[in-house]
Amino acid sequence: MKRMVSKRKSQKTGENRLPKVIEDALTCTKNRYITEALNRVRGGEILYTTRRRRWNSSAQSRFCRLEDDLLYFRYEALGCGNVIIGGLRTKKVDLRHIQVLPARVENRSVSGDLNRGNYFTMIFTNSSQLPLNFITIDEESAKLWVCGLNYLIKNVKSLQPRLQYELSVWELFNTSDADRDGHVTRSEALKILAKNGCLSKREIMAMFPFVVAQHGSNPANTALHFHAFFEAYKTVSIRPEICDIFNAVSADKDSITSRELYKFIQVTQKENDVNEQKCEQIILDFELNEESRNRRLMTLRGFHLYLTSEYCEIFNRRHDQVYQDMRKPLCHYYIASSHNTYLTGDQLTEPSSTDTYMNALLKGCRCVELDCWDGPDGEPLIYHGYTLTTKLKFKDVVEVIGRYAFEASLYPLVLSIENHCSLPQQAKMAYYLKTILGSELLTSPLLPADKEYVLPSPSALRGKILLKGKKIKNDSSSDAVAKDDAIEDDNDVIINQNQENTRSRLFFKERSSWPWSRSTRSTSASSYSSANDSSTNNSIKQRLSPSLSDMIVYCQSEKFTSFDVSNFHDDSFRKMSSFSEKRAMRLAKSNLDEAIEFHKLKLSRSYPSGTRTDSSNYDPQPLWNAGFQMVALNYQTKCDEMEIYSGKFRQNGNCGYVLKPEFQRRAGSAASSSPKLIKIRILSGYHLAGDVCGEERRRCCPVVEILVSGAAEDNTKRSTDRDRTGDTFRDWNEDFTLLIREPELAMVRFILRDKSRNREKVGQFSLPFASTMQGYRHIPFLDRSSIPIRRTTLFVRISCEEAQPLS
């Protein structure tokens with residue numbers, strides 16, 4: 001395989017390079033192997049991308065390399081003679097939004113010589129986009145690509161804030177440098193500054209000659225190099241409200257000392273874990289002027305950068321680590337759970353993919369679903385029964401789960417198995433689970449039965465995979481289960497024979513090749529035949545394989561009867577029930593207190609209604625209020641419900657486990673947390689019309705909505721009422737006061753809408769009330785994929801206090 005591409009298009013680089021201080025920070029290393037890896041990814045190489053269809057893959061050649069700015073990975077289509085086709089077939093990937101993992105190519109994946117090589121996988125963080133797989137010709141090449149890309153990803157993310165700021169300005173500059181000569185024209189510079197600064201275009205034009213001349217350029221010239229542009233940008237982007245805060249903090253109105261910064265962070269920002277030594281480090285990280293850094297002083301520009309950085313984001317950055325007690329029983333946690341994890345789209349016709357398991361696991365999901373059916377040649381399959389969705393081999397799915405189960409979280413993973421297989425194929429499932437997952441699969445209790453009275457904790461089960469499914473009772477025969485052990489159908493309905501035949505004709509073409517059943521979906525031809533002779537209203541009992549049954553320990557499925565905890569037996573804590581959306585919502589509303597008491601001792605799982613064929617989701621909040629732990633949603637769907645879900649589970653290090661409020665854990669206790677008043681002043685918004693609405697659209701009229709969801713009495717919505725149009729920078733200075741009676745349950749959402757476009761939603765940010773920081777904070781708006789919208793932020797001041805009881 002050739003490393004370089006013939007007839008490659010030359011690129012004019014000129015002076016269009018990263019600032020040297022940033023390039024050195026990204027590439028400087030004394031390790032020879034890393035140097036070789038960086039040279040490989042910068043020079044480029046022909047790799048192959050794979051596209052999986054069912055369980056076969058096709059490979060296409062691509063020329064892959066790192067762009068000169070070291071920020072983007074580019075892969076370009078190749079034509080005859082290895083000539084780059086380019087154009088629309090050239091794709092770029094931002095290194096700041098990916099994770100690169102090595103993975104071995106299996107023999108069945110591709111044909112020819114390629115199956116002797118290796119591939120690496122690009123995972124898109126905070127996005128539902130499917131991963132990209134790139135195949136190299138040999139193992140060493142794959143290692144070099146993984147090493148080089150991961151080294152750069154790590155360094156880009158760990159740049160000092162002041163260098164990240166300079167890098168972001170350089171990217172703005174670079175986008176307008178059309179001929180790549182390291183200069184922009186005066187008109188281009190004015191356009192960029194006006195679009196991304198806080199001053200009006202008239203004000204920028206008035207001060208532009210002075211700023212440029214101050215930094216070594218002739219204002220009369222038509223070209224402007226990056227250094228002069230950077231200084232101009234720093235001047236015009238200062239926000240007036242931050243100037244007011246700076247003047248209030250600084251005694252001499254010229255700079256802030258480490259002591260003054262310490263008082264500001266302690267008193268105004270309500271951060272009690274910061275000392276003066278830490279404040280000195282903040283100055284070194286954020287101050288842009290080298291002389292001021294040496295004197296440990298923070299100027300207005302450094303203070304501006306600090307207040308608009310992730311250090312002053314509304315979400316408590318300390319909650320990006322595991323901070324909650326992980327030694328409580330499993331039933332004392334909300335658990336991130338996925339429904340029909342194998343699907344990439346709707347429930348009827350969209351493809352299935354093993355990549356969706358990878359995506360869910362890398363997002364912190366701790367419960368994934370496997371719908372298992374008999375397949376040809378004795379190989380069990382995973383797919384959505386009675387539909388045209390494509391099928392996956394059970395073995396392939398288990399291999400992916402084994403590879404990525406603990407990449408994002410070390411806490412236990414639950415495999416929710418919906419079993420429709422015959423006994424021989426159940427035995428094959430058990431074999432694959434045991435041989436592929438090995439010691440990670442939990443097959444026996446942690447303690448002897450007479451010494452275990454509650455579920456183990458996430459901490460005790462670290463690195464373990466649990467199975468959820470039916471288990472043979474001790475007094476049952478080896479090939480059958482008791483009446484109440486019949487497999488529960490995910491749709492929670494009984495389908496009569498006529499309905500079943502209708503569905504099979506509509507959604508399944510291979511009727512003669514596949515077994516059928518009713519709501520319990522017996523999967524052998526003999527059981528279908530016997531069922532055909534029985535009454536159409538009788539459900540079919542599913543037989544269980546002892547080898548599979550023995551692997552189910554703590555998540556034994558049982559049919560739900562009531563929330564009455566007085567009937568619990570010694571082993572009741574090992575049993576759990578599944579609820580359809582409709583039934584769970586009804587019980588959560590009518591039996592709230594009983595549901596909370598029930599879930600202090602046992603696990604429950606809920607799932608979307610079978611009528612949601614478009615893979616839409618339901619509101620998880622009412623079920624969290626009732627103590628349901630596994631509220632399963634369709635992870636592949638971008639919707640309001642998944643935005644709330646992502647915000648909920650971002651806390652506690654996105655490990656997939658969030659400790660429930662104390663009143664949902666302690667026996668007999670009611671809500672104990674005191675009500676809170678949260679006061680929010682929306683000060684200003686920045687860049688709300690640029691990347692959000694696009695240059696070609698008319699300027700938006702932004703409206704900010706504040707929503708609180710949680711306990712029923714806390715659900716509320718407020719909205720700004722002052723129109724703001726025409727500028728990149730907008731000020732509101734509107735105040736809102738919200739009463740939250742159950743703060744441990746509450747979620748706070750900020751939604752940006754365009755009033756001029758029928759209140760079109762253009763951005764959002766969701767977080768738990770418990771993770772909300774006080775003081776001056778900025779809110780980075782996210783798109784539907786939970787990726788931050790570049791440079792689009794809301795600046796607010798927040799305070800929380802105890803609510804005074806009414807007289």
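In the predicted model, the second largest cavity encloses about 60 Å³ of space, and it belongs to a set of four cavities of 30 Å³ or more found in a search of the whole structure. Ten residues line the second largest cavity, and among these Ile417, Gly469, Lys470, Leu548 and Ile552 lie nearest its centre. Two elements, strand E17 (413-419) and strand E18 (465-469), each give two or more residues to this lining, with the largest share, three residues, coming from E18. In terms of residue class, the lining of the second largest cavity divides into six nonpolar, two polar and two charged residues.

A helix pair was also examined. Two packed helices are described by the angle between their axes and the distance between the axes. For helix H14 (residues 394-404) and helix H15 (residues 423-437), the axes come within 10 Å and cross at roughly 25 degrees; because angles under 35 degrees count as roughly parallel, H14 is described as roughly parallel to H15. The crossing of H14 and H15 is right-handed. On the side of H14, the contact is made by Phe394, Lys395, Val398, Glu399 and Gly402, while H15 takes part through Met429, Tyr432, Leu433, Ile436 and Leu437. Classified by residue type, the contact of H14 with H15 comprises seven nonpolar residues, one polar residue and two charged residues.

Key:
Residues numbered from 1 in each chain as written. Predicted model: local features only at pLDDT ≥ 70, side-chain atom pairs only at ≥ 80, totals over all residues. Heavy atoms only, no water. Axes fitted to C-alpha atoms, helices over the stretch in contact; angles between N-to-C directions. Helix = DSSP H or I, 4+ residues; strand = E, 2+ residues; numbered from the N terminus. Parallel < 35°, antiparallel > 145°, perpendicular 65-115°, else oblique. Left-handed = near helix turned anticlockwise from the far one by under 90°. Contact = heavy atoms within 4.5 Å. Nonpolar A, V, L, I, M, F, W, Y, C, P; charged D, E, K, R; others polar. 1 Å grid on protein atoms, 1.4 Å probe; cavity = no way out; pocket = protein on both sides within 12 Å on 5 of 7 lines; lining within 4 Å. Points joined across faces, edges and corners; volume = space filled by probe spheres on them.
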